Structure formats: C-alpha cells, structure tokens
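Thanks for making the time this morning. I would like to walk through one model with you, going from a loop to the cores and then to a single charged residue.

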Amino acid sequence: VAPTTVGPAVGHLVAGDQSVTLGTTATNATLQLGNDGAAPFDFTATAVGGGLTVNPVFGTVAPGATQMLAVTIDRSASAAGPFNGSILVNSAAGNTTIPVTATIDPGPQISGESATPTQIAASGCTAKPTTTTVANVVSVTATVSSTQPLQTVVLHWQYSSPAGPAPRSTAMSLRGTVYWGTFPQQGAPYTGVDWWITAIDS
C-alpha cells in the first residue's frame with residue numbers, strides 16, 4: 001500500500017463581501033477577518049485614502065478565530081466631496097480589498113460679508129484683515145450656508161492702526177436669511193479695526 005502524504009495545515013482568510021460606508025458624519029467602523037483553515041496565518045492591513053487609517057495594521061488569526069479591524073477617517077484630512085478609499089488585507093492565507101466610501105462635507109460657506117458704516121475689503125472665513133473706519137457701532141452681516149446644522153457663527157475683531165489689544169468676539173444671530181453682529185467703537189489712538197467671521201457646523 002502506497003503511503004499517504006498529508007500536506008501541511010494551512011489557514012484560510014475569510015473576509016466576506018464587506019464594505020464600509022461612512023456617509024456624511026460617521027468617522028469609524030469595524031471590519032471582521034476570519035480563519036476557517038487548519039493553521040494560523042499572519043496578516044497586514046493597509047489603509048488607502050487621505051485621512052483613512054486602520055488598526056491593527058498587522059496580526060495573527062488562529063484557526064476558527066476572528067480579528068476585528070477598526071477603520072477611522074479624519075474628515076479634515078480629506079478633500080471635500082465623494083471619498084473612495086480602501087483597506088488592503090494581505091496574508092499567505094489570501095488577500096482582499098475592502099472598499100471605504102464617504103461624503104466629505106466642505107464645511108460652512110461664508111459669503112456676502114458686509115460692514116456698516118464703511119467697508120473697504122471683505123475678509124471671509126480667515127483672519128485676512130478687513131479695514132473699517134471706526135464709528136460708534138459697526139454692524140456686520142454675512143450669509144452662511146452649510147449642508148450640516150450650524151453650531152456657531154462668530155464675529156471677531158481687533159482694533160488696529162496702531163495694533164490694539166487681543167482680538168475680541170461675539171456670537172452672530174440669524175436675522176431673516178443673514179447673520180448679524182456688531183462691535184463697538186474704540187477711541188484714540190486706534191483709527192481702524194480688522195474683523196473676520198468663523199462658522200462651525202456639526
């Protein structure tokens with residue numbers, strides 16, 4: 001009788017037909033790897049896509065066991081719009097690519113900034129100076145839009161010419177379709193004020 005040759009026990013990667021959909025707000029999800037083979041196997045996991053990470057990035061799956069992978073996206077590190085990334089899992093027991101999709105919110109959009117009594121230039125969302133002649137009260141309006149609910153819209157200002165004290169701020173209120181806020185006059189020696197608007201959504 002010829003001898004029977006038995007090959008070495010091997011592992012087998014089981015990942016199923018998995019995908020990750022993070023939508024517009026979720027930042028994390030989990031994936032599961034399995035081993036329905038007869039031996040353990042080592043794996044590596046790699047995240048592909050701006051702001052996408054996976055943990056752990058390597059490990060061992062025993063026969064009959066499972067391993068969870070945590071997938072996380074840093075939305076601030078990804079370009080606005082549709083996001084298409086993936087998690088690559090490689091092992092001697094098999095390889096798989098798991099797609100990851102999301103929609104990256106561009107954040108609040110600020111437009112139509114206006115100051116009364118006198119506006120020379122509009123600053124937008126960053127602290128690029130806007131010089132405004134100081135009157136008793138300066139009234140500032142702007143349109144702020146966002147795909148997510150707005151949490152805060154804030155008016156900041158700092159007296160200038162010469163440089164004044166630290167910047168100050170106040171929450172702006174919604175009046176009709178625009179946000180409105182004011183800041184007070186500051187006397188001599190200041191002859192101007194730099195102002196800007198920031199907005200945060202959920």
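Let me begin with a question: in which loop does P189 lie? P189 lies in the loop between β15 (178-184) and β16, where strands are DSSP runs of E with at least two residues, helices are DSSP runs of H or I with at least four residues, and both are numbered from the N terminus.

Before going further, I should say that this is a predicted model, in which local features need pLDDT of at least 70 and side-chain atom pairs count only at pLDDT 80 or more, while totals for chains, interfaces and linings use all residues. Residues are numbered from 1 along each chain as its sequence is written, and side-chain values use heavy atoms, with hydrogens and water left out.

Returning to that loop, P189 counts as partly exposed because its relative accessible area is 49%; buried means under 20%, exposed means over 50%, and partly exposed is in between, with a 1.4 Å probe and protein chains only. Leaving out residues up to four places away in sequence, P189 touches S161 and P162, a contact being heavy atoms within 4.5 Å. The C-alpha atoms of P189 and Y159 are separated by 9.7 Å, although these residues are 30 apart along the chain. Another proline, P165, is found in the loop between β12 and β13 (168-171), and P165 is also partly exposed, since its relative accessible area is 33%. With residues up to four places away set aside, P165 touches Q158 and Y190.

Now the chain as a whole. The protein chain has 16 strands and zero helices, and buried residues make up 35% of its 202 residues. Among contacts between residues at least 6 apart in sequence, 66% join residues at least 24 apart.

As background for the cores, nonpolar side chains tend to be buried together in soluble globular proteins. The largest nonpolar core here has 23 residues, of which F43, L69, I87 and V100 touch the most other members; such a core is a set of buried Ala, Val, Leu, Ile, Met, Phe, Trp, Tyr and Cys residues joined through side-chain atoms within 4.5 Å. Several strands each supply at least two residues of this core, including β3 (28-35), β4 (41-48) and β8 (81-91), and β9 gives the most, with four residues. A second, separate core of 18 residues includes V140, V193, W195 and A199.

Among the residues that F43 touches, beyond those up to four places away in sequence, are L33, P56, L69 and V89. P56 sits in the loop between β5 and β6 (58-61), and the peptide bond from N55 to P56 is cis, with omega near 0°.

Finally, the charged residue: D201 is found in strand β16 (residues 192-201). D201 is buried yet has no salt bridge, and the nearest side chain of opposite charge, R75, is 9.9 Å away. A salt bridge here is a side-chain nitrogen of Lys or Arg within 4 Å of a carboxyl oxygen of Asp or Glu; Lys and Arg count as positive and Asp and Glu as negative, with His and the chain ends not counted. What does join the side chains of D201 and S146? The answer is a polar contact of 2.8 Å, meaning a pair of N or O atoms within 3.5 Å, where within protein one must be able to donate a hydrogen and the other to accept it, and residues adjacent in sequence count only if both atoms are side-chain atoms. D201 is also in contact with Q148, among others, and Q148 counts as buried because its relative accessibility is 17%.
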